[in-house]
Amino acid sequence: MSYLQFPRLQFSGRFQADPSTVNNDPYHFNTKTFQSSFDLPGPGASNGWWNPGGTGAWRFYECTVQRVYYLDGTWCDDPAIDPVIGMPLTGADSRAEGKIVDLDPEQQMVSELWGFQVILGSPAQTGFKSDFQVAPFGDIFVRYPPGQADSFFGAYWQSVLRVKSWHNMGESRFLKELDSVTIKDPDTRENILSIKFNVDGFQDDSTKPGFTLGRVVGTIGQQTSSDPDYFVAGRLLAAIPGAQPALNNAYCLIDKNNILHIDLGNSLPTAAVGGPLANVGNLRLCAATSTGLKIVNELRYEDCDWYKNNSGLISFALTPEQLTLVSSNPLCVCTDSPIPGIQSTLLSESPDATFVRADKFVFRMYPGETASTKFYATQYGKPLASAQISLIFDPTVLLGQVTQGPLPGPRIVGEPTSALKVEKSITTGADGTVVLSIGADDPGNPRKYIDGQLYCLDYQLGPTPPPIGATQNGNMLLNFHVYDKYKMPDVPNWVEHVQPIFQQYADLYPVMKPIVDLSDYGSVKQRINILKNVFSADITSPNYMPVTRDLSGGKQAMILKWLDNPVYMDLDSKEDLLRALQTAIELEHSTIPPYLYALYSIRQGCNTEVAGLIRSVAVEEMLHMALVANIMISIGGSPNINHNRFVPKYPGSLPGGLCPGLTVRLRRCSIEQIRDCFMAIEEPEGAVLERFRASQASFAPDQHLYTIGWFYGEVKKALKVLSDSNQITFGNIDKQVSKWSGMGTLYTIGSLDDALKAIDEILDQGEGKKSDDPMTGQGDLAHYYKFSEIVAGHRLVEHDGEFSYTGDVIPFDPAGVYPVVDDPQPMDYPKGSQADFYSNEFTRSYQALLNGLHETFNGNPDHLNEAIGSMYSIDVQARRLMQTPSGKNDGTTAGPTFQLPYVY
């Protein structure tokens with residue numbers, strides 16, 4: 001009979017919900033359009049919403065037992081009589097806390113608790129330790145209408161507790177009685193209890209005390225073998241649309257002792273956020289007879305601390321006359337209407353007092369899997385035999401959630417329906433129950449950047465399914481996330497298979513970055529053993545890595561296979577090579593914004609030699625980008641230069657996870673930025689390996705640090721192998737860019753030899769001719785050594801074959817640099833300020849520059865002059881921006897964000 005019957009325990013306190021709100025927004029799942037600002041807090045549904053750094057944790061906080069009811073219906077709230085009173089109710093004490101998890105960003109109305117434990121007392125006290133069976137919340141409603149989301153909501157969770165161990169029961173009459181009626185799982189021998197708790201008053205304003213906390217009141221009682229796990233198979237008193245005051249659904253049942261129990265815990269509105277209950281008049285439970293409403297009993301909710309002590313439950317014994325009345329008439333909850341002597345109905349059973357619910361109503365399924373749920377049909381609270389239940393696909397609730405923030409996510413939900421194999425009609429047996437079996441097929445990736453597809457099934461009693469849109473309550477629907485079918489590669493590699501998945505997680509859960517940066521290959525390799533553990537954990541574990549549970553079994557298996565053999569990339573096909581060349585273009589571009597940021601920060605006429613060296617490197621990076629683009633065009637590729645993710649996140653890793661451990665930032669020109677960031681980017685592979693050898697006890701031949709030099713070496717090998725096997729040919733010279741006036745040569749690529757010379761040009765200018773020679777083949781210093789001159793403060797000169805920093809002085813004056821902000825973000829500047837205006841102007845111009853380059857390298861090389869014009873424009877705009885106060889009132893000036901606008 002569930003938590004409602006005797007004996008039962010009432011508790012109250014607070015709860016913490018700490019979700020990462022970045023993943024609230026379906027649009028944020030698109031890695032191609034993700035911006036670094038999405039990982040930052042923002043007002044309302046903007047940026048990363050109200051808690052982008054959330055851990056996903058869910059726990060009880062400061063919860064204690066308020067009252068217990070014994071088997072005979074008497075109650076106690078005195079710890080001197082029963083020591084269970086006042087005992088703490090907590091969460092996990094020897095493992096990670098539970099997690100709160102949405103089914104999907106486009107279905108957030110059935111969020112589940114995973115890996116949650118409930119502990120009463122402690123091993124030294126009376127009590128028990130239990131696992132909360134994964135369950136979604138239900139009956140969400142606006143509990144305080146004048147408030148704002150999320151604080152004005154109320155909802156409940158109901159599930160079962162699997163008791164792992166009982167502590168000393170001591171002198172607690174309640175625990176002894178509860179133990180005496182508790183059923184055991186026949187397989188695990190675990191005691192099973194029923195739990196239901198209501199939550200409201202959640203604080204989502206990070207500037208207010210109690211941020212991420214809310215109010216919770218709940219009940220723990222016995223569970224019988226015939227009870228459903230997630231709801232009360234009794235009588236539903238549903239909210240009446242438009243009724244005032246507005247109440248939410250209530251559930252009641254009559255036990256074997258003819259005691260009626262009604263749960264108003266998630267029904268009554270409040271007078272403030274998390275505050276006292278609102279005055280909704282004199283409530284009464286009535287029976288709707290053919291001659292009018294008959295009062296069954298008063299529902300007293302006004303008593304002091306009633307909600308806190310009773311969790312919203314009311315129980316009373318029925319007289320024989322009352323039992324007859326309620327056993328054959330629908331029930332309702334009424335209050336006095338403005339007309340004297342007339343009752344206003346706020347909640348009501350269906351006219352024939354029937355009720356049908358599926359127990360399990362949230363499913364995650366992989367193609368080929370099957371699932372099931374048991375339906376319970378009742379009439380007047382008794383099992384309803386031979387009842388037909390009709391089902392229908394209804395995406396209405398899902399369609400209402402595709403737009404969570406300013407921009408919509410995938411609009412295609414609920415299709416194709418063929419991916420879900422389910423009967424259209426089922427019929428209950430003699431006990432009023434029937435099991436529905438469901439099968440899943442491949443939905444075919446209709447949502448592109450969000451794995452799988454969502455489905456909702458609505459149902460009702462009778463031969464006719466409910467009309468589309470009739471049900472908006474998630475726990476009265478069947479909710480499915482069916483994953484895409486995934487073909488396991490023979491040898492998964494980072495670039496093609498793992499990084500696209502890990503990048504999404506890195507975007508959506510920035511709280512993980514200090515532990516492991518999933519977008520960075522080096523960081524992932526350093527945490528291989530940890531990742532093996534969390535990706536192999538059971539899905540119910542709080543340590544399970546995909547904290548949104550939105551990773552399919554196929555992809556999880558692939559990641560585990562890769563973790564055993566973490567191959568970086570496999571360039572054995574034209575497609576692989578094109579992917580690597582696109583990465584190389586993005587890599588070369590990713591160094592330009594930090595170099596330009598430092599260059600633009602130098603005041604006019606100051607630090608001229610430093611500025612000249614930085615400018616020369618930035619210009620050659622542009623050449624490298626053009627060389628790679630020409631190679632890609634030559635073999636039939638199309639460089640993608642203006643997609644939103646083309647501009648990397650700052651601070652962040654280099655594209656492809658190269659130079660692992662390096663964080664690239666946008667910072668004003670300084671010796672520290674040049675030494676720690678710029679030189680690390682350009683460090684020759686030979687020098688890196690020598691340093692690595694010196695720091696290690698042993699060095700295996702296949703070990704390397706995934707430098708830029710190593711990456712281009714792999715590209716060269718692939719060019720040779722694929723050309724020799726005739727998998728690639730070279731041409732399309734008319735589509736390549738040939739005009740160049742700076743240092744180096746912009747090769748047009750018509751042969752393998754041209755392509756190899758282009759790669760050598762890139763390596764030569766970046767690293768030098770060889771590890772012990774800083775010069776390029778054209779007599780200029782390689783990038784690493786240009787930067788090292790600035791750090792050393794002297795020119796690098798050769799004497800008798802030896803190089804030393806003993807040449808002319810290269811002065812650097814920090815006062816000759818604008819005090820620009822580090823790593824600026826669009827929201828850093830006050831709305832409507834001059835800095836905000838100039839920042840937006842720069843963003844648009846930078847987008848225009850990339851658009852121009854995209855057109856140039858995609859069939860219109862003559863457009864280069866137009867693109868160069870945009871370069872001059874952003875130069876002027878950036879310098880003006882860096883002379884504009886940032887608005888932070890800390891003496892800093894603004895800087896360009898090097899981010900692109902939203903892509904619609």
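In the predicted model, the buried residues of helix α15 are His-783, Tyr-784, Tyr-785, Lys-786, Phe-787, Ser-788, Glu-789 and Ile-790. The helix, which spans residues 783–792, is thus mostly covered, with 8 of its 10 residues counted as buried. Among these buried positions are the charged residues Lys-786 and Glu-789. After α15 comes Gly-793, a residue with a positive phi near 80°.

The chain to which this helix belongs comprises 904 residues, of which buried residues make up 59%. Its secondary structure consists of 17 helices and 33 strands, and its C-alpha atoms fill a box of roughly 110 × 60 × 60 Å when the dimensions are taken along the principal axes. When contacts between residues at least 6 apart in sequence are considered, 71% of them join residues at least 24 apart.

Helix packing was examined for α9 and α11, whose axes come within 12 Å and cross at roughly 145°. The crossing in which α9 passes α11 is left-handed. On the α9 side the contact is made by Thr-591, Pro-594, Tyr-595 and Ala-598, and on the α11 side by Phe-678, Ile-681 and Glu-682. By class, the residues of this contact divide into 5 nonpolar, 1 polar and 1 charged; the charged residue is Glu-682 of α11, and the polar one is Thr-591 of α9.

Two residues of this helix contact also appear in the description of the internal cavities. The count of cavities of 30 Å³ or more comes to 6, and the largest of them has a volume of about 140 Å³. Its lining is formed by 15 residues, of which Glu-588, Ile-681, Glu-682, Ile-708 and Gly-766 lie nearest the centre of the cavity. Two or more lining residues are given by each of the elements α9 (574–600), α10 (608–634), α11 (671–682), α13 (708–724) and α14 (752–767). Of the elements, α14 gives the most to this lining, with 4 residues. The lining of the largest cavity is mixed in class, with 6 nonpolar, 4 polar and 5 charged residues. Ile-681 and Glu-682 therefore belong both to the α11 side of the contact with α9 and to the cavity lining, given that lining residues have an atom within 4 Å of a cavity point.

The second largest cavity holds about 70 Å³ of space. It is lined by Phe-34, Gln-35, Ser-36, Asn-644, Val-647, Pro-648, Lys-649, Gln-899 and Leu-900. By class, this lining has 4 nonpolar, 4 polar and 1 charged residues, the charged one being Lys-649.

Helix α13, one of the elements that contribute to the lining of the largest cavity, also contains Ser-723. This serine has a relative accessible area of 17% and is therefore classed as buried, the limit for that class being under 20%. Apart from residues up to four places away in sequence, Ser-723 touches Ala-718, Ile-728, Phe-730 and Leu-752. Each of these four partners is nonpolar by class, and Leu-752 falls within the range of α14 (752–767).

Several features of the backbone were noted in loops. The peptide bond from Ala-149 to Asp-150 is cis, with omega near 0°, and Asp-150 is placed in the loop between β9 (135–142) and β10 (153–166). A second cis peptide bond runs from Glu-415 to Pro-416, with omega near -5°; here Pro-416 lies in the loop between α4 (396–399) and β27 (420–422).

Positive phi values were likewise found at residues that are not glycines. Lys-448, in the loop between β29 (433–440) and β30 (453–461), has a positive phi of about 60° although it is not a glycine. Its relative accessible area is 64%, so Lys-448 is exposed. For Asp-823, which is found in the loop between β33 (802–804) and α16 (834–856), phi is also positive, at about 45°, and this residue too is not a glycine. In contrast to the exposed Lys-448, Asp-823 counts as buried because its relative accessibility is 9%, with burial requiring a value under 20%.

Conventions:
Residues are numbered from 1 along each chain as its sequence is written. This is a predicted model: local features need pLDDT of at least 70, side-chain atom pairs count only at pLDDT 80 or more; totals for chains, interfaces and linings use all residues. Side-chain values use heavy atoms; hydrogens and water are left out. On a 1 Å grid over the protein atoms alone, a cavity is a set of points where a 1.4 Å probe fits but cannot get out, and a pocket is an open set with protein on both sides within 12 Å along at least five of seven lines; lining residues have an atom within 4 Å of a point. Grid points are joined across faces, edges and corners, and a volume is the space filled by probe spheres set on the points. Buried means under 20% relative accessible area, exposed over 50%, partly exposed in between (1.4 Å probe, protein chains only). Contact means heavy atoms within 4.5 Å. Axes are lines fitted to C-alpha atoms, for helices over the stretch in contact, and angles run from 0 to 180 degrees between N-to-C directions. A crossing is left-handed if the near helix is turned anticlockwise from the far one by less than a right angle, and right-handed if clockwise.
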